[in-house]
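Please open the structure in your viewer, with side chains available for display, and follow the stops below in order.

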Amino acid sequence: MGHHPNFENRAVVGRALRLRREIDDFEARWPALTKREELIPSFSWMQLERQLVDLAATPAQADMARHLVSATRKLAPFKPPEMVLREILCMTWVLLDENFKVEPEPGASATS
C-alpha cells in the first residue's frame with residue numbers, strides 16, 4: 001500500500017488552482033483600494049484564537065475555534081488581507097451561533 005506520488009501531486013495542484021480561482025474571484029468582486037485607508041489595529045493569531053475560544057457559544061465550538069484559526073492562518077499569506085478578514089468574520093459568526101451544530105446527527109431534520 002504505497003502512496004502514489006502522481007495522484008498526490010494532482011491533488012496538491014488541484015487545491016492550488018482552486019485557491020487561485022477563489023482569490024481571483026474575490027479580487028474581481030472587491031478590487032484593492034487605491035487610496036491609503038486608515039488601518040485596523042494589528043493583533044496576533046494567538047489573540048484572535050483566544051478571543052474566539054472565549055466568545056464561542058459551546059465547548060465544542062471553542063474547540064473548533066483552534067482548528068479554524070489554524071487553517072485560516074496557514075493560507076492567509078497567499079490571500080488578500082480583506083479576504084482573510086472576511087474568513088475571520090464568517091468563522092466568528094459560526095462560533096457565536098448557538099444553533100450551529102458541529103456534528104449534525106444523521107437523519108436529523110433541518111427544521112427542528
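Begin by selecting Val94, which, once residues up to four places away in sequence are set aside, touches Gln61, Met64 and Phe100. Bear in mind throughout that this is a predicted model. Val94 lies in helix H4, and its relative accessibility of 17% falls under the 20% cut-off, so Val94 counts as buried. Add Ala65 to the selection and draw the C-alpha to C-alpha distance: Val94 and Ala65 are 29 residues apart in sequence and 9.4 Å apart in space.

Next, widen the view to two whole helices, H3 (residues 59–75) and H4 (residues 81–96), which pack at an angle of about 170° with their axes 10 Å apart. Because angles over 145 degrees count as roughly antiparallel, H3 is roughly antiparallel to H4. To display the contact itself, show Gln61, Met64, Ala65, Leu68, Val69 and Thr72 on H3, together with Val84, Glu87, Met91, Val94 and Leu95 on H4. Coloured by character, the residues of this contact divide into eight nonpolar, two polar and one charged.

Stay with this contact and select Thr72, which is placed in helix H3. Is Thr72 buried or exposed? With a relative accessibility of 10%, Thr72 counts as buried. Leaving aside neighbours within four places in sequence, Thr72 is in contact with Trp45, Val84, Glu87 and Met91.

Now move to Leu95, whose contacts, not counting residues up to four places away in sequence, are Leu52, Ala56, Ala57, Gln61, Met64, Ala65 and Leu68.

From Leu95, extend the selection to the largest nonpolar core, which has eleven residues in all: Leu48, Leu52, Met64, Ala65, Val69, Ala76, Val84, Ile88, Met91, Val94 and Leu95. Which elements give two or more residues to this core? They are helix H2 (45–55), H3 and H4, and H4 gives the most, with five residues.

For the last stop, turn to the aromatic rings, where a search of the whole structure finds one aromatic pair. Select Phe26 and Trp30, which form this pair in a tilted arrangement, 4.9 Å centre to centre and with 40° between the planes. A surface display can then be used to compare the two partners: Phe26, at 8% relative accessibility, counts as buried, whereas Trp30, at 27%, counts as partly exposed.

Key:
Residues numbered from 1 in each chain as written. Predicted model: local features only at pLDDT ≥ 70, side-chain atom pairs only at ≥ 80, totals over all residues. Heavy atoms only, no water. Axes fitted to C-alpha atoms, helices over the stretch in contact; angles between N-to-C directions. Helix = DSSP H or I, 4+ residues; strand = E, 2+ residues; numbered from the N terminus. Parallel < 35°, antiparallel > 145°, perpendicular 65-115°, else oblique. Contact = heavy atoms within 4.5 Å. Nonpolar A, V, L, I, M, F, W, Y, C, P; charged D, E, K, R; others polar. Core = buried A, V, L, I, M, F, W, Y, C linked by side-chain atoms within 4.5 Å. Buried < 20%, exposed > 50% of the residue type's maximum accessible area, 1.4 Å probe, protein only. Phe/Tyr/Trp six-rings, centres within 6.5 Å; stacked < 30°, edge-to-face > 60°.
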